[in-house]
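This report describes a single protein chain, moving from its overall form to selected residues. Please keep the sequence and the coordinates at hand while reading.

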Amino acid sequence: MRPDPPEMKLGASRLYALLLVQALSTALPAFAGDGLLTERSDLGDKDRKRVQAVTRPATDFSKAETFEAMSGGAATSIAPVNADSFSQFSANLTFQEEEGFKLGNALFRKLWVSSPSSTQASDGLGPLYNARACQSCHLKDGRGRPPEGAVDTTSMFFRLARPPRDDEERRLIAAHEVVNFGDPVYGAQLQDSAVPGLAAEGHLKVSYTEEPFTFPDGETASLRRPSYSVADLAYGPLDPATTLSPRVAQPMIGLGLIEAIHEADILANADPDDRDGDGISGRPALTRDAKTGKLMLGRFGWKAQNATVRQQSADAFATDIGISSPDADRPHGDCTAAQKKCLTMPTGEQARLGPTEAPDPVLNLVTFYSENLAVPARRKASFAETLRGKKVFYDLGCTSCHTPKFVTRRDAVGKAQSFQLIWPYSDFLLHDMGEGLADGQQVGVATGREWRTPPLWGIGLTKTVSGHTFLLHDGRARNFTEAILWHGGEGQKARDAFAALAAGDRRDLLAFLESL
């Protein structure tokens, strides 16, 4: 049974909601015309008051909050902590749903092969690609890493994009019909692998310059400033306007719960014009559903370019593996018109199996698997150092972007995600993170300095699951301290406050993050 928290909340006063609607009507006029909701449509008055109470920010740091250890509500995994901690299914699935999860898991791990092949249900790879399986990037459903030494680049890749060149291209972005424009030759992503008979596009190269930092108490840290380039370009030079955005694969846990957060609760935290003057200007990302064309709230991807888990899955199939699906029918993957040989390579589409290489049974099952990878239970949530660190987290203003908790929709499509008190520690909005983290690449409404606030749940298990502790969009940070010190822009104030902390307070804050 799902626990029904005794008290719960919408997250904003009616006055603030009114100001938000006014701000949206000025900054994002498409909201009103396209049906995005700024009030919860799934709750009666009684439930609304309960939601309002339970999601109110913490004020008592002497003890853990009720249900705080259950980060994913009743879906939380309480399995023993080990390398498979991110690969457990939602604890509240039915027996029949467990079967669907396991079938989806098999497809998530499936190695695709090039066409033509005797294994016709598994061919269609590429022709250009970054990985042969979803699991290759999301090893053990965890976090990717930058290349280092003999470690390959499978879980890190370059997004390629150039700015719009004319009014028509600017209109397409403003209307959310495209998120950006890929390189005219190399497309939306640098593909470092290819099927036999075709050359890979090139290879990602990264080098680092160490920048020392000294805290006021004499403790030191060092930040790695990365420099990126492409080697072995096989199809000529990149367009001079093309930008390179390195991205590491993100953890897969809790995705269905994120999708089940009511859009009104995310919009309630948006303040695009910083009307309250706190220096935080979270902006909602907007995107169009690939099948319906409906304007939706983006919440997945480093720049929140996808609105649903299914959309994210279809995009990964097409761009990372080169596999077509009903929602991204691109059997030649990321091949461009300039790559003529690539477009002549055989595909894996088989009429008897379905209209695409990953037809609905495949995409549906992979989506269901991705929606139901459980968030692990917290560790040491009630320990003294964790609670002290939690107070520091609040005092620094980290919760301005890393919103601790939400209650998901009562009318969520998946019952396992319905009406759950969850603790993702993200507002799922776009924030300017400063020039130090900027990639210079526009993605939809996100500028080259803006990133979606990443959820923090499960972050303390990165080493256990993924075997490393690299953080941020490109893995440059080797630990929590470095990740915080890289915060700029809207995060600068919290970063400076962290840098000024006493050593004991810093240790407590790190203990809190380790517990998530």
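## Cysteines and the disulfide

A disulfide is taken here as a pair of cysteine sulfur atoms within 2.5 Å, and this cut-off is applied to what is a predicted model. For Cys401, the closest cysteine sulfur belongs to Cys398 and lies 8.8 Å away, which is too far for a bond. Cys401 itself counts as buried, because its relative accessibility is 13% and the limit for burial is under 20%.

The sulfur of Cys137 gives a comparable case for reading: the closest cysteine sulfur, in Cys134, is 8.3 Å from it, so the distance is too far for a bond. Cys137 is also buried, with a relative accessible area of 7%.

Which cysteines, then, are joined by a disulfide? The structure holds one disulfide, and it links Cys335 to Cys342 with an S to S distance of 1.7 Å. Both partners fall in the buried class, Cys335 at 14% relative accessibility and Cys342 with a relative accessible area of 1%.

## Overall form

The protein chain contains 16 helices and twelve strands, and its C-alpha trace spans about 65 × 55 × 50 Å along the principal axes. For 516 residues, a compact globule would be expected to have a radius of gyration near 24 Å, and the 22 Å computed for the protein chain therefore agrees with that expectation.

Buried residues account for 57% of the 516 residues. Among the contacts in the protein chain with a separation of 6 or more, 72% are between residues 24 or more positions apart.

## Surface and charge

The protein chain exposes about 21,100 Å², of which carbon and sulfur atoms supply 55%. Its charged side chains comprise 57 positive and 65 negative ones, and the centres of these two sets lie 3 Å apart.

## The surroundings of Ala412

Ala412 is placed in the loop between β9 (406–407) and β10 (421–422). Is this residue, Ala412, buried or exposed? Its relative accessible area is 15%, so Ala412 is buried, given that burial means a value under 20%.

When neighbours within four places in sequence are left aside, Ala412 is in contact with Ala260, Gln417 and Ser418. Val195, by contrast, is 217 residues from Ala412 along the chain, and the C-alpha atoms of Val195 and Ala412 are separated by 41 Å.

How values were computed
Residues numbered from 1 in each chain as written. Predicted model: local features only at pLDDT ≥ 70, side-chain atom pairs only at ≥ 80, totals over all residues. Heavy atoms only, no water. Helix = DSSP H or I, 4+ residues; strand = E, 2+ residues; numbered from the N terminus. Rg over C-alpha atoms; globule rule 2.2 N^0.38 Å. Buried < 20%, exposed > 50% of the residue type's maximum accessible area, 1.4 Å probe, protein only. Contact = heavy atoms within 4.5 Å. Areas by Shrake-Rupley, 256 points an atom, 1.4 Å probe, with all protein chains shown as cover. Lys, Arg positive; Asp, Glu negative; His and termini not counted. Charge placed at Lys NZ, Arg CZ, Asp CG, Glu CD.
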